Amino acid sequence: MNTVVRGITLVPGLLFLVLAIRWLVDPAGAADALGMELMTGMGLSSQMGDVGGFFLGGAIMCFLGVATLNKTWLQAAALLASLAALYRVVGALAYGADFATAPILVELAMTGWLLYAASCMQSRSPQTS
């Protein structure tokens, strides 16, 4: 994987990380940035745990993929992003949510880039003992 591809692959990880940190230090701002209302009580706990965990997990996967050159980490991060896009589409089609064109396009672009970067990595054969 060349240096340019590795460098650009850090961008989705940084986006994930910024959102994860924002859920820790400014949950109201993080919710607003995602078009959500900040909940209270158990709802706030779920928002912070689920959404913050989603973004931190995505960041860690991107960074591990770049650091270890293990394509599985990038594929896992791509899976997260693509499923977020899928759930947005289902929300719009089945439940009347606004069709979130810009976020869906960002998630699909991230998915495409992460899968491309993963394809640039040499396959590592399992080591035998």
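Cysteine 62 is buried, because its relative accessibility is 0%, under the 20% cut-off. That value, like the others here, comes from a predicted model. Cys62 is also among the residues with the most contacts inside the largest nonpolar core.

Does burial come with a bond? Take the sulfur distances. The cysteine sulfur closest to that of cysteine 62 belongs to cysteine 120, and it is 15 Å away, too far for a bond. A disulfide needs the two sulfur atoms within 2.5 Å. Seen from the other end, the result holds: the closest cysteine sulfur to that of cysteine 120 is the one in cysteine 62, at 15 Å, so no bond can be assigned. The disulfide count is therefore 0. Cysteine 120 is partly exposed, because its relative accessibility is 27%, and the partly exposed class runs between 20% and 50%.

Back to the core. The largest nonpolar core holds 20 residues. Besides Cys62, those with the most contacts inside it include Phe16, Trp23, Phe55, Leu74, Ala77 and Leu114. Five helices each supply at least two residues of this core: α1 (3–25), α2 (27–33), α3 (41–68), α4 (71–95) and α5 (101–120). Helix α3 gives the most, with 5 residues.

Trp23 deserves a stop. Which residues does tryptophan 23 touch, not counting those up to four places away in sequence? The list runs through Ala30, Ala31, Leu34, Met36 and Leu38, then on to Gln47, Met48, Val51, Gly52 and Phe55. Phe55 is itself one of the residues with the most contacts inside the core.

Now turn to helix α5. Threonine 111 has its place there. Is this residue buried or exposed? Threonine 111 is buried, because its relative accessible area is 10%, and buried means under 20%. Its contacts are Ala78, Ala81 and Ser82, leaving out residues up to four places away in sequence.

Leucine 115 lies in helix α5 as well. Leucine 115 is partly exposed, because its relative accessible area is 42%. Beyond its neighbours within four places in sequence, leucine 115 is in contact with Gln75 and Ala78. Ala78 is thus touched by leucine 115 and by threonine 111. The C-alpha atom of leucine 115 is separated by 9.4 Å from that of alanine 76, and the two residues are 39 apart along the chain.

Technical notes
Residues are numbered from 1 along each chain as its sequence is written. This is a predicted model: local features need pLDDT of at least 70, side-chain atom pairs count only at pLDDT 80 or more; totals for chains, interfaces and linings use all residues. Side-chain values use heavy atoms; hydrogens and water are left out. A nonpolar core is a set of buried Ala, Val, Leu, Ile, Met, Phe, Trp, Tyr and Cys residues joined through side-chain atoms within 4.5 Å. Buried means under 20% relative accessible area, exposed over 50%, partly exposed in between (1.4 Å probe, protein chains only). Helices (H or I, at least four residues) and strands (E, at least two) are DSSP runs, numbered from the N terminus. Contact means heavy atoms within 4.5 Å.
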